[in-house]
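Here is a short briefing for a reader new to this structure. Take a look at the model before reading on.

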Amino acid sequence: MIVDAIVERLGSDIVMLDMEDVSLLADYFVLCNAESTPQFRAILDEVEAQTRTAGHRPLHVEGAAGSGWVLLDYGSVVVHIFDPDLRAYYDLEGLWQAARLVVRVQ
């Protein structure tokens with residue numbers, strides 16, 4: 001559902017990692033790029049709308065659309081929306097390279 005919401009708002013380089021065997025932080029990480037502040041807001045709004053419709057609300061939201069990185073923590077799923085340069089800088093895929101790739105949408 002979260003990946004579909006991101007696709008709907010044209011997020012790019014979407015990755016879903018199975019974190020269950022490599023971290024206690026969450027079962028899944030979903031990462032994507034947003035190319036502009038309006039796109040950050042659109043992705044953020046769509047993810048929150050679709051998860052709310054399914055009865056889920058984020059436990060915590062960190063960052064803002066203009067900061068280059070927004071994190072939505074749903075407990076078992078953590079969503080990272082990145083500016084492409086910040087995503088490359090933090091390289092979460094490299095950090096968690098032992099995690100199993102579930103989905104990649106280019």
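Which strands does helix 2 lie across? Helix 2 (residues 37-53) lies across strand 2, strand 3, strand 4 (69-73) and strand 5 (77-82). Its direction is at about 5 degrees to strand 4. Keep in mind that this is a predicted model. The points below cover the sheet, the nonpolar cores, the salt bridges and one residue in strand 2, N33.

**The sheet**

- The sheet is open and is formed by 6 strands.
- Their order is 3-4-5-2-1-6, and the pairing is mixed.
- Strand 3 (60-64) and strand 6 (100-105) stand at the edges. Each has a single partner strand, so one side of each has no neighbour in the sheet.
- From one strand to the next, the twist averages 10 degrees.
- Strand 1 (residues 12-18) pairs with strand 2 in the antiparallel sense, over 5 bridges.
- Within strand 2, L31 stands opposite V15.

**The nonpolar cores**

- The largest nonpolar core has 20 residues.
- I2, I6, V30, V47, V79 and I81 have the most contacts inside this core.
- Several elements give two or more residues to it: helix 1 (2-8), strand 1, strand 2, helix 2, strand 4 and strand 5.
- I2 is in contact with V30, V47, T51, Y74, V77 and V79, leaving aside its neighbours within four places in sequence.
- Another core, of 12 residues, lies apart from the largest one. Its members include A26, F29, L71 and V78.

**The salt bridges**

- The count comes to 5 salt bridges.
- D13 forms one of them with R104, and the closest N and O atoms are 2.9 Å apart.
- This pair links distant parts of the chain: D13 is in strand 1, R104 is in strand 6, and 91 residues separate them.
- D13 counts as partly exposed, because its relative accessibility is 24%. R104 also counts as partly exposed, at 41% relative accessibility.
- D18 forms a salt bridge with R100, with the closest N and O atoms 3.1 Å apart.
- The D18 and R100 pair also links distant parts of the chain, from strand 1 to strand 6, 82 residues apart.
- D18 is buried, because its relative accessible area is 12%, and the cut-off for buried is under 20%.
- R87 forms a salt bridge with E93, and here the closest N and O atoms are 2.4 Å apart.
- Both of these residues, R87 and E93, are buried.
- D13, R87, E93 and R104 are joined into one network by salt bridges that share partners.

**N33 in strand 2**

- N33 is found in strand 2 (residues 28-33).
- Is N33 buried or exposed? N33 counts as buried, because its relative accessibility is 9%.
- The side chains of N33 and R87 are joined by a polar contact of 3.0 Å. R87 is also a member of the salt-bridge network.
- Leaving aside neighbours within four places in sequence, N33 is in contact with G11, S12, D13, I43, F82, P84 and R87. Among these contacts, D13 belongs to the network too.

Note on methods:
Residues numbered from 1 in each chain as written. Predicted model: local features only at pLDDT ≥ 70, side-chain atom pairs only at ≥ 80, totals over all residues. Heavy atoms only, no water. Helix = DSSP H or I, 4+ residues; strand = E, 2+ residues; numbered from the N terminus. Buried < 20%, exposed > 50% of the residue type's maximum accessible area, 1.4 Å probe, protein only. Polar contact = N/O pair within 3.5 Å; in protein donor to acceptor, adjacent residues only side chain to side chain. Contact = heavy atoms within 4.5 Å. Pairing = 2+ DSSP bridges. Axes fitted to C-alpha atoms, helices over the stretch in contact; angles between N-to-C directions. Core = buried A, V, L, I, M, F, W, Y, C linked by side-chain atoms within 4.5 Å. Salt bridge = Lys/Arg side-chain N within 4 Å of Asp/Glu carboxyl O.
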